[in-house]
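Let's take a walk through this model together. Have the viewer open and keep the sequence at hand.

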Amino acid sequence: MFVDEIKIFARAGHGGKGCVAFHREAYIAKGGPSGGNGGRGGSVILQADHDLNNLINQYYTSKLIAQVGEGGMGKGMDGHAGKDLLVKVPCGTLVWRLPAAPPPVDVPPLPEDENKDEDEDEDEESERRGSPPMLTSSSKRAVIRSSGSERAMEIDLSAEEEPAPDQPADEEKGELIADLTEHGQQFVLCKGGRGGLGNRNFATAVRQAPRFAQPGEPGDEGNFLLELRIIADVGLVGYPNAGKSTLLTAISHARPKVAAYPFTTLTPQIGIVEYPVDYHRLVVCDVPGLIEGAHQNVGLGHEFLRHIQRCKVIVLLIDMAGTDGRKPWDDYRQLLNELELYDEALLERPRLIVANKMDEPQSEANLKAFKRKLRKTPVLPISAGFDEGVGKFKQLIREAVAEAGAE
Ligand SMILES: Nc1nc2c(ncn2[C@@H]2O[C@H](COP(=O)(O)OP(=O)(O)OP(=O)(O)O)[C@@H](O)[C@H]2O)c(=O)[nH]1
Ligand SMILES: [Mg+2]
């Protein structure tokens, strides 16, 4: 199965609570606060990987939930940080933040509170419930409040600055937040919550037995759309049966299915073209055939044209033999039309026109008629099935890609 678009839900780990505890030791009276800090929650991190070619893993695991941080403990022990969740995605993955509210998910409960160690006989009375809110030692962090038997730290998350959205937004897909193109490139999708500070952080000369600690902060969460746009140098576009897969087989070690019926290729296929003289390599992408009305979802529709969007050069492969009673010129016009309807920018992309099946008897005459209509643009005649003109084709795409890169 080939998956190039998938919605996921991600949630980073909650930070662990800080602990309220007091030091107890024989012959040390009133040993002072000793509650440890909570650990930070694990983050959800996406990493681009060139060994993957589609988003099938996210299809099966669409909820990415990182580990929560451990709460602080008595005797000054800090909690463990939650483990980060590293998710590998193919190179060329775009990440969109969806506007919708997150669905409810079952998340393991936070570890039970180990805060209530031994806090009875301390004599400091100033932190009793009902006392007015006060600023802590880390004043930019929070205000402490007591309510009922629970003591908690109120954290004003709205005060934390949000990064300004400088990326484009799309009505259906939301806001584009990342584009993972390089192997190993990482993106923190959801940041883990900070752990709360234990009560020993709040001891001052006048408040020697603080009976409160900070709770951990929740981790980021949200719904996202992962979209794969394959990164290739050359995209092969053509009608079904034009011989795209045959050509890819001839120029690379890729072995897509080749057969004499339309829509043999159902998902994009990648091939690596090698130039042994100087070890140069090009990535070529063969997308399923386009037909008239593809923009209205006829055939396989425009679905796979997104994989052409990043190609430096587009190759329009025309069946010059006119198999199934088609006219090469009509095929050419229709292909351009469909490309334009999908994305006008694709017409600006450098393109090569290649006439295939030149071994067939009627092809010569068809090519002549075709060239008469297209006087200025060069057309490369090849016969992919018989390996004729393939060397020239490899050379031409290399030059075109180099030129496109230079621009
Ligand atoms: N005579 C001749 N037949 C060819 C040539 N190249 C491909 N074919 C035949 O054309 C048919 C279709 O080839 P494919 O490579 O599967 O075509 P495609 O463009 O990938 O088709 P879809 O995957 O359906 O879009 C097969 O039967 C090939 O054997 C050629 O140069 N000459
Ligand atoms: Mg094919």
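Which exposed residues does the face of α6 turned away from its buried side carry? They are Gly391, Gln395, Glu399, Glu403 and Ala406. Before going further, keep in mind that this is a predicted model.

Now turn α6 around. The helix runs over residues 390-406, so you have 17 residues to look at. From the first C-alpha to the last it reaches 24 Å, close to the 24 Å expected at 1.5 Å a residue. Its buried residues are Phe393, Ile397, Ala400 and Val401. They cover an arc of only 100 degrees around the axis, which puts them on the same side of α6. What sits over that side? The cover includes one helix, α2 (244-251), along with the strands β13 (234-238), β15 (280-286), β16 (313-319), β17 (351-356) and β18 (379-381).

Stay on α6 for a moment and find alanine 404, which belongs to this helix. Alanine 404 is partly exposed, since 15 other C-beta atoms lie within 10 Å, and a residue needs 20 or more of them to count as buried. Setting aside neighbours within four places in sequence, alanine 404 is in contact with Lys312, Val313 and Pro350. Take the proline: alanine 404 and proline 350 are 54 residues apart in sequence, yet their C-alpha atoms are 7.0 Å apart in space.

Just ahead of α6 there is a backbone detail to check. Aspartate 387 lies in the loop between β18 and α6, and its phi is near 65 degrees, a positive value in a residue other than glycine. Is aspartate 387 buried or exposed? It is exposed, with 12 other C-beta atoms within 10 Å. You can find another positive phi in the loop between β1 (5-11) and β2 (44-49), where tyrosine 27 lies. The phi of tyrosine 27 is about 70 degrees, although this residue is not a glycine. With 4 C-beta neighbours inside 10 Å, tyrosine 27 counts as exposed.

Next, pick up β15, one of the elements covering α6. How do β13 and β15 pair? They do so in the parallel sense, over three bridges, and valine 234 has valine 284 in β15 as its bridge partner. Strand β14 (residues 269-275) also joins β15, but this time the two run antiparallel, with seven bridges between them. One of the links to look for is glutamine 269, whose bridge partner in β15 is aspartate 286. β14 and β15 form a hairpin with four residues between them, and tyrosine 279 in the turn has a positive phi of about 60 degrees.

From β13 you can step over to another helix, because β13 is also among the elements that cover the buried residues of α3, together with β16, α4 (345-348) and α5 (363-373). At 1.5 Å a residue, the 15 residues of α3 (residues 328-342) should span 21 Å, and the end C-alpha atoms are indeed 21 Å apart. Pro328, Asp331, Tyr332, Leu335, Glu338 and Leu339 are the buried residues of α3. Look down the axis and they fall within an arc of 130 degrees, so they line one face of the helix.

Earlier in the chain, centre the view on strand β5 (residues 93-97). On one hand, β5 pairs with β10 (residues 174-180) in the antiparallel sense over five bridges, and leucine 94 has aspartate 179 of β10 as its bridge partner. On the other, β5 pairs with β12 (residues 221-228), again antiparallel and over five bridges. Here, valine 95 has leucine 226 of β12 as its bridge partner.

Then there is ligand 1. It is surrounded by 25 residues, and the closest are Gly243, Ser245, Thr265, Gly289 and Gly385. Which element gives the most to the shell around ligand 1? That is α2, with three residues. By class, the shell has 10 nonpolar, 11 polar and four charged residues.

Finally, zoom out. The protein has six helices and 18 strands, and 41% of its 407 residues count as buried. Among contacts with a separation of 6 or more, 75% come from residues 24 or more positions apart.

Notes: Residues are numbered from 1 along each chain as its sequence is written. Chains are lettered from A and ligands numbered from 1 in the order in which they are written. This is a predicted model: local features need pLDDT of at least 70, side-chain atom pairs count only at pLDDT 80 or more; totals for chains, interfaces and linings use all residues. The expected span of a helix is 1.5 Å times one less than its number of residues. The arc is that of the directions from the helix axis to the C-beta atoms. Two residues are in contact if their C-beta atoms, placed from the backbone, lie within 7 Å. A residue is near a molecule or strand if its C-beta atom, placed from the backbone, lies within 6 Å of it. Ala, Val, Leu, Ile, Met, Phe, Trp, Tyr, Cys and Pro count as nonpolar, Asp, Glu, Lys and Arg as charged, and the others, Gly among them, as polar. Two strands pair if DSSP finds at least two bridges between them.
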